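Thanks for coming. I will walk through one structure, strand by strand and then pocket by pocket. Please have the sequence and the model open while I talk.

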Amino acid sequence: MAISEHNVITRGATGTFGGQVVFRQRNGKTIMCKPPKPYPPKTPTQIANQERFKRANDFAKQVIKDPAKKAFYKSIAKPGQTAFNAAFQDAYHKPEVEVSVEEKTIAIKARGKHRVEKVKVAIQDPSGTEKRTGFALLKNDLWEYNLGDIQEGESIWLWVHDIAGNIVRKKYRYS
C-alpha cells in the first residue's frame with residue numbers, strides 16, 4: 001500500500017486503474033493498493049457461530065431493557081464488566097450440568113452463574129419407547145425429579161433450559 005500526499009496527478013484519485021491498482025481516499029490522503037479479493041464462502045461451523053453470536057447479542061440487548069434482569073446480570077458481572085457483557089456471555093455459553101442419581105431421584109445442578117429456567121425429564125425403556133415425561137422441581141439450588149418405577153437399563157433424557165434460551169441435552173443410563 002502506497003500513500004501519495006503531494007502528487008498532482010494522483011491527488012483526489014479514486015477507483016481502479018488497469019485492474020491492478022486501486023486508488024482510495026483516507027483522511028485526505030490518496031492510497032494506492034491491490035484490488036480487494038472476495039472472501040471465501042463461510043463454512044457451516046462459521047455460520048452456526050455467527051447465528052449463536054447474533055442470538056447472544058439479541059438476548060443481551062433485551063436484558064438491559066428489563067431492570068430486574070439487568071440488576072441480576074450486573075450482580076454476577078466480573079469487575080470491569082457490564083450487565084450487557086455478563087448477559088452476552090451467559091447466552092453465548094451453554095450451562096455445564098452435573099447429574100447425580102440417588103435412590104430413584106435424579107438431581108441436576110448447573111455449574112457457574114447460569115440460571116436454569118426448567119428441566120424436562122423423559123424416561124425411555126431399552127427399546128427407545130418413552131415411558132413417561134415430566135419436569136423437575138427446584139429444591140435448594142438443585143433440580144430434582146422422582147424417577148418412580150424405573151428399571152435397570154432404561155435411559156433418562158434431560159433437557160436443561162436456561163433463561164438465555166440455551167438447551168443442554170443429556171442422556172443418562174440408569175443402572
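Strands β3 and β4 make a hairpin, and 2 residues sit between them. In that turn, N27 has a positive phi of about 55 degrees. The two strands, with β4 covering residues 29-33, run antiparallel and are joined by 5 bridges. One pair to look at is F23, whose bridge partner in β4 is M32.

I should say now that this is a predicted model, and I will come back to its confidence values at the end.

On its other hairpin, β3, which spans residues 21-26, is joined to β2, residues 15-17, by 3 bridges. These strands also run antiparallel. Here F23 appears again, because G15 stands opposite F23 in β3. The hairpin of β2 and β3 has 3 residues between the strands, and G18 takes a positive phi near 65 degrees.

Now to another hairpin, further along the chain. Strands β9 and β10 pair in the antiparallel sense over 3 bridges. Which residue stands opposite W143 of β10? It is L138. Between the strands of this hairpin there are 2 residues.

The loop between β9, residues 137-139, and β10, residues 142-146, holds N140. D141 is found in the loop between β9 and β10 as well. N140 has a phi near 50 degrees, which is a positive value in a residue other than glycine. For D141 the phi is near 65 degrees, again positive in a residue other than glycine. Are these residues buried or exposed? N140 is exposed, with a relative accessible area of 75%. D141 is exposed too, at 62%.

Just before the loop, K139 has its place in strand β9. K139 is partly exposed, with a relative accessible area of 44%. If you go back 10 residues along the chain to T129, the C-alpha atoms of T129 and K139 are separated by 29 Å.

Stay with β10 for a moment. This strand has two faces: W143 and Y145 are on the covered one, while L142, E144 and N146 are on the uncovered one. β10 also pairs with β6, in the antiparallel sense, over 4 bridges. In that pairing, I108 has W143 as its bridge partner in β10. So W143 is a residue to keep in mind: L138 stands opposite W143, and I108 is the residue of β6 that bridges to W143.

That brings me to the nonpolar core. The largest one has 18 residues, and I108, V119, L147 and I156 touch the most other members. At least two residues of this core come from each of β6 (105-111), β7 (116-124), β10 and β11 (155-162). Which strand gives the most? That is β7, with 4 residues.

Next, the pockets. The largest pocket has a volume of about 230 Å³. Its lining is made up of K109, A110, G112, K113, H114, R115, V116, L138, D141 and W143. Several of these have come up already: D141 from the loop between β9 and β10, and L138 and W143 from the pairing of those strands. By class, the lining has 4 nonpolar, 2 polar and 4 charged residues.

The second largest pocket holds about 180 Å³ of space. Lining this pocket are I76, K78, Q81, A86, Q89, D90, H93, G112, K113 and H114. Which element gives the most to this lining? Helix α3, residues 83-92, does, with 3 residues. The classes here are 2 nonpolar, 5 polar and 3 charged. G112, K113 and H114 are in both linings.

Last, confidence. The chain has a mean pLDDT of 88, and 98% of its residues reach 70 or more. Where is confidence lowest, and where is it highest? The lowest value is in strand β1, residues 2-4, at a mean of 70, and the highest is in helix α1, residues 44-65, at 96. Where pLDDT is low, the predicted coordinates should not be read in detail.

That is what I have for today.

How values were computed. Residues numbered from 1 in each chain as written. Predicted model: local features only at pLDDT ≥ 70, side-chain atom pairs only at ≥ 80, totals over all residues. Heavy atoms only, no water. 1 Å grid on protein atoms, 1.4 Å probe; cavity = no way out; pocket = protein on both sides within 12 Å on 5 of 7 lines; lining within 4 Å. Points joined across faces, edges and corners; volume = space filled by probe spheres on them. Nonpolar A, V, L, I, M, F, W, Y, C, P; charged D, E, K, R; others polar. pLDDT = per-residue confidence, 0-100. Buried < 20%, exposed > 50% of the residue type's maximum accessible area, 1.4 Å probe, protein only. Core = buried A, V, L, I, M, F, W, Y, C linked by side-chain atoms within 4.5 Å.
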